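Colleague: I have a model open and want to learn how to read it. Can we go feature by feature?

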Amino acid sequence: MTQQSPDPLLSPDRAPTLPGVERAAAKVAALLPQTPLLPLDVDGTTIWCKAECLQPVGAFKIRGAWHRLTDLTAEQAAAGVVGVSSGNHAQGVAWAAKRLGIAATIVMPSNAPAMKLAATRALGAEVVLYERVRESRDAVAAKLLEERGGMLVHAYGDPWIIEGQGTAGIEARAQMRARGIDGPDKVIACCGGGGLSAGLALALPDAEIVAVEPEGWDDVTRSLVAGEILSVENLAYPTECDALQTPQTWPINFAVLQARGVRGVVVTRDEVRHAMRVAFERLHLVVEPGGAAALAAVLAGKVTPAAATLVTLSGGNIDPKHYAEILAE
């Protein structure tokens, strides 16, 4: 393993902070254009949809990956990185690594969508497959790090990743203010491991945060109710929201969510599919199932919008044939 820098800002054991989100936002702003913030009327109330599905890798994950990899020391960068991902974080890390000239290995489930596996490899990353039900991706990654060395770039259990994902909130607030809107006062976020939800909670300390998960993969929702981290009960539970299939959150994420009083909401397959069709028909956006979960919660009446509600459309990476089938329903 590489030796860590003594700089507290570069310590892997540090907690994510609002100043960290703001520093990440400056780095992201220098690299990428802002994603659109689109209005959508829901029963007479306007919600504001952050179109992260339009990022270069089709998801918000590029934010955290760029923040993490650009803070590696020269020694760490030379040793390479190992990531764990269902697919979108994989592409974010691979994209950042390719741009920075860093070797990247991504541990991905064997049943990840073929297009996400192919896109990750096309960006130059090595993909190591594991069986989602029988194996632990964290254990596979730990073995790789032991054998090869390098730096772990976790999909959500990392202060840089959390801060980087929170930059979407910094952007959205500025976009609202440019329209004369005082907000966001409520944020509805798609949630897998909680990196995006925690980042937004830090970025927007005055907003109510709601984390939305797919049925069967609602470990964060149950954990927030129980006051302790719980795992997914059935790793074989079928879901189309592959981007949100995480076995459990990590303490670093959970601490932020708990401190901010975040609550969880669960959406069904049919509710997610309806949200995907609405995004296509009314916003003209391709949104994958996991990326449509937050919008699904609003459209299903499970979360009531406030005066200035931000909704994340967090990803748009979906197999074209599968997407066409959903639209045709």
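Colleague: Which strands does helix H8 lie across?

Modeller: Keep in mind that this is a predicted model. Helix H8, residues 195-203, lies across S7, strand S8 (208-214) and S10. Its direction runs at about 160 degrees to S7.

Colleague: What is the strand order of the sheet that holds S7, S8 and S10?

Modeller: The order is S1-S2-S10-S7-S8-S9. These six strands form an open sheet, and the pairing is mixed. At the edges sit strand S1 (37-42) and strand S9 (263-267), each paired on one side only. From one strand to the next, the twist averages 30 degrees.

Colleague: Which helix packs on S1, S2 and S10?

Modeller: That is helix H7, residues 159-178. It touches S1, strand S2 (45-51) and S10. The direction of H7 makes about 135 degrees with that of S2.

Colleague: The pairing is mixed. Where do I look for parallel and antiparallel pairs?

Modeller: Take one pair at a time. S7 (residues 186-190) and S10 (residues 309-313) pair in the parallel sense, over three bridges. There, Ile188 stands opposite Val311 in S10. S1 and S2 pair in the antiparallel sense, over six bridges. In that pair, Leu37 faces Lys50 of S2.

Colleague: How many residues lie between S1 and S2 in their hairpin?

Modeller: Two. Check the backbone in the turn: Asp43 has a positive phi of about 55 degrees.

Colleague: What about the other sheet?

Modeller: Read it by the same steps. Four strands form an open sheet in the order S5-S4-S3-S6, with parallel pairing. Its edge strands are S5 (126-130) and S6 (151-153), and each pairs on one side only. Neighbouring strands here are turned by 25 degrees against each other on average, direction ignored.

Colleague: How many bridges join S3 to S6?

Modeller: Three, with S3 (residues 81-84) running parallel to S6. Within this pair, Val82 stands opposite Leu152 in S6.

Colleague: Now helix pairs. What describes them?

Modeller: Two numbers: the angle between the axes and the distance between the axes. Try helix H2 (residues 61-69) against H7. They pack at about 130 degrees, with axes 7 Å apart. That angle makes H2 oblique to H7. The crossing is right-handed.

Colleague: Which residues make the contact between H2 and H7?

Modeller: From H2, they include Lys61, Arg63 and Arg68. From H7, Trp160, Glu163 and Glu171 are among them. By class, the contact of H2 with H7 divides into four nonpolar, five polar and five charged residues.

Colleague: And H8 with H10: what are the angle and the axis distance?

Modeller: About 45 degrees, with the axes 9 Å apart. The two helices are therefore oblique to each other. Their crossing is left-handed. H8 contributes Gly195, Ser197, Ala198, Ala201 and Leu202, while H10 contributes Asn253, Val256 and Leu257. The classes are five nonpolar, three polar and no charged residues.

Colleague: Last feature, charges. How many salt bridges does a search of the whole structure find?

Modeller: The general idea is that side chains of opposite charge can pair when their charged atoms come close. The search finds 19 salt bridges. One case is Asp242 with Lys116, at 2.6 Å from N to O.

Colleague: Where do Asp242 and Lys116 sit in the chain?

Modeller: Asp242 is in the loop between helix H9 (219-226) and helix H10 (251-259). Lys116 is in helix H5, residues 114-122. The pair links distant parts of the chain, 126 residues apart.

Methods
Residues numbered from 1 in each chain as written. Predicted model: local features only at pLDDT ≥ 70, side-chain atom pairs only at ≥ 80, totals over all residues. Heavy atoms only, no water. Pairing = 2+ DSSP bridges. Axes fitted to C-alpha atoms, helices over the stretch in contact; angles between N-to-C directions. Contact = heavy atoms within 4.5 Å. Parallel < 35°, antiparallel > 145°, perpendicular 65-115°, else oblique. Left-handed = near helix turned anticlockwise from the far one by under 90°. Nonpolar A, V, L, I, M, F, W, Y, C, P; charged D, E, K, R; others polar. Salt bridge = Lys/Arg side-chain N within 4 Å of Asp/Glu carboxyl O.
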